[in-house]
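Let's take a look at how helices pack, both inside one chain and across the boundary between two chains. Have the model open as you read, and turn it around as you go.

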Amino acid sequence: MDSGEVRTNYLNAEYGLLSWLVTRDHKRIAILYLISVTIMFAIGGLFAAAVRLELLTPRGDLLAADTYNKMFSMHGIIMVFFFLLPAIPATLGNFLIPMMIGARDLAFPRINLLSWYLYVVGALFTLYAMVTGGVDTGWTFYTPFSTSASNTNVVPTAIGIFINGFSGILTGLNFIVTIHRMRAPGLTWFRLPLFVWAHYATSLIQVLGTPVLAITLVMVALERAFHFGIFDPNYGGDPLLFQHLFWFYSHPAVYIMILPAMGVISELVTCFSRKSIFGYSFVALSSVAIAVLGFLVWAHHMFVTGMSVYAAMIFSFISFGVAIPSAVKVFNWTATLYRGSVSYSAPMLYALGFIGLFTIGGLTGLFLATLGVDVHVTDTYFVVAHFHYVMVGGTIMAYLGGLHFWWPKITGRLYPEIWARISAAIVFLGFNLTFFPQFILGYLGMPRRYHVYPDEFQVLNVLSTAGSSILGVGYLLPFVYLAWSMRYGEQASPNPWGATGLEWETPSPPPTENFEKTPVVTRPAYAYDLEEVPVG
Amino acid sequence: MASTGSVAYSHAHVHHQFDDAEQQYSAAVLGMWAFLIQEIMFFGGLFLAYAIYRSTYPEAFAHASHHLDVTLGAFNTAVLIASSLTMALAVHAAQTGHRAQLVLFLFLTLALGSTFLGVKVVEYSHKWHEGLVPGLQWRVDAPDARQQLIFFSLYFAMTGMHALHMVVGAIGLIVLLLFSLQGKYSAEYNTPVEMFGLYWHFVDIVWIFLFPLLYLFAHH
């Protein structure tokens, strides 16, 4: 303030709570999302802590069976629908996509704000359901348990997820239109940052998949509230139809969670090895390939339901197929590192952690796509470990890496690098200690979703719970020092990493209009080897 | 009036994030189509359930379908097709800048849409009195009554979801009518009317599928 040259930016353009609640600026909406998903992450984390504490001992001495069922259900529902799905697209995607393509805002700023309100209303519905008794169906709402057996708050939870679904659909729609119609002059499709490609593929899934979940939840709610008979075997209905409809969305939904993370990693790996990405078009199109193939593999969640073996073989085969574009990404990131000037700033530590953990998560996915092995490990902790390696080891690592990387752009302040590196190391260690034992537990036959287990599984469960407390510290640290840096952090220059990308050509934090003058793009993305990009 | 003010007038409708009216228009069109594709997937879940259960229980579905009133269904189909015509004429009137015609055709579309909903209410109340509402009023006594319940569950879910879209459409029409009366739309700027037209035609097309699938298929 004393220097007398306080630049107008999106943060100080207007003041007061109301200016935030009616904002149409994509950057401010991203901040609103950042705050809300952080709150939901904390709530979901508390439920996870309850689960891990209960599993410290083989007997159900902390939580009754019913309470435990609610804890893991609410952990899953909050984390999947209200954290993992919106985490990267609605915060980093919202903030960065218009900036990366040289636009002043998303195509539909009012719809963007509406998305956030839908998210909040959906979250409030779900939290209301949890405060007034909770829900115990798991995040999967399998029928007929969810429609006729469970006596918990299924309908309010479903309404919350339904509303939140339209938040995601509208965000995806906004991104698709923005990426098609708002690119700066010269910014052709194959000059786009891979972050944008990844979000384009994600948006396709959101628009095509989420409505199917929405209508499925409508059917569940009608069946539960009015005793309609669509999934009810009493009337000749088929509960497996629910599973097909549910996974038709919810398998692609895991790509809604991981594709934006992959987009983040492409940005980090190139910047911190000072190299152009290896095989740009392969990485770009592998995102689209994952999105397309992702719609054709849902029944691999249902191999033990007695479905046709021929259908199962085809679903198994296509599930293996998803490994190809995923491996293209991992190999191309690794090839990008090769002979690069690699530096190990905190975002890069997260990125390298992502590559390792995602590889483990992805490869164990192949175990599960294999029909014979899947029969052995279905509904065991092997599955739990697998998807946590992808969702937590993948998505959250990338989310934190991206948050650190763009923090100077978002807030105009640098975060404390030492603390960030320490926390990245703690997250990596805590994560592996939490979830690696679960692979072994699952392989030895410990089923998921029980609050008791045989004594011989205790050592591995204690390791897992110990790891989760370390992981908790690793997540708490960034929360503290990032908040601290907003006030006390060093002022950030427009481009502290010397990164390519239009978002770095504008001041930190950016002005409301993003760019003083619409940029003209003449180079491919990641032109690190074409010329030296100056830091600052 | 139109000649002197047209340039400034059309420019005033370009939101700050767009470079020009053309970019804004093409964004609106793409956004609307993406929304309609989302709607197709939304209704698609119901159509899938219908397809599976009709192929599993063809006789029960045929018996259940005979309880529907083909005359009222056909009348409503005609009403909706007529409303699509008036909506198309409203879009044309907006694009050619005929405000009085725009108001007239929007009003006719609203009237036809309301007629459809009114007939739907009559049909629903018939079903209620005949005991054909799953869970709430279900008095079917037939060997395949259980499977008929699936048919009626889908009937109410599908036509109910369609009717909900009609109600949203009617609200949209009222808003467009008010704005048209205020003179918001002109030959230069009429995107909302055109986009709403796409929505209205989509909702009509859903009914064009629902009518034969629910009312007619047992009558061949």
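Before we start, here's a rule for angles between helices: under 35 degrees counts as roughly parallel, over 145 as roughly antiparallel, 65 to 115 as roughly perpendicular, and the rest as oblique. Keep in mind that what you're looking at is a predicted model.

**Across the two chains**

Find helix 6 of chain A (residues 154-181) and helix 2 of chain B (residues 21-56): their axes come within 9 Å and cross at roughly 140°. Helix 6 of chain A and helix 2 of chain B are therefore oblique to each other. Their crossing is right-handed.

Who touches whom? On the chain A side, helix 6 brings A:Ile169, A:Leu173, A:Ile176, A:Val177, A:His180 and A:Arg181. Helix 2 of chain B answers with residues including B:Ala27, B:Leu30, B:Gly31 and B:Phe35. Sorted by class, this contact has eight nonpolar, five polar and one charged residues.

Now zoom out to the whole meeting place, where 29 residues of chain B are in contact with 31 residues of chain A. On the chain B side, the elements giving two or more residues are helix 2 and helix 6 (145-181). Helix 2 of chain B supplies the largest share, 16 residues. That side of chain B divides into 17 nonpolar, 11 polar and one charged.

**Inside chain A**

Chain A is built with 15 helices and zero strands. Its radius of gyration is 23 Å, close to the 24 Å that the globule rule gives for 536 residues, so chain A is as compact as a globular protein of that length. Along the principal axes, its C-alpha atoms fill a box of roughly 70 × 45 × 45 Å. Of those 536 residues, 57% count as buried.

For a helix pair within this chain, try helix 2 (residues 26-54) and helix 15 (residues 458-488) of chain A, with axes that come within 9 Å and cross at roughly 155°. That makes helix 2 of chain A roughly antiparallel to helix 15 of chain A. Here the crossing is left-handed. Helix 2 of chain A contributes A:Gly45, A:Ala48, A:Ala49, A:Arg52 and A:Leu53, while helix 15 of chain A offers A:Ser464, A:Thr465, A:Ser468 and A:Gly472. By class, that gives three nonpolar, five polar and one charged residues.

Here are the two pairs in one place:

| Helix pair | Axes come within | Crossing angle |
|---|---|---|
| Helix 6 of chain A and helix 2 of chain B | 9 Å | roughly 140° |
| Helix 2 of chain A and helix 15 of chain A | 9 Å | roughly 155° |

Technical notes. Residues numbered from 1 in each chain as written. Chains lettered and ligands numbered in written order. Predicted model: local features only at pLDDT ≥ 70, side-chain atom pairs only at ≥ 80, totals over all residues. Axes fitted to C-alpha atoms, helices over the stretch in contact; angles between N-to-C directions. Helix = DSSP H or I, 4+ residues; strand = E, 2+ residues; numbered from the N terminus. Left-handed = near helix turned anticlockwise from the far one by under 90°. Contact = placed C-beta atoms within 7 Å. Nonpolar A, V, L, I, M, F, W, Y, C, P; charged D, E, K, R; others polar. Rg over C-alpha atoms; globule rule 2.2 N^0.38 Å. Buried ≥ 20, exposed ≤ 12 C-beta atoms within 10 Å, placed from the backbone.
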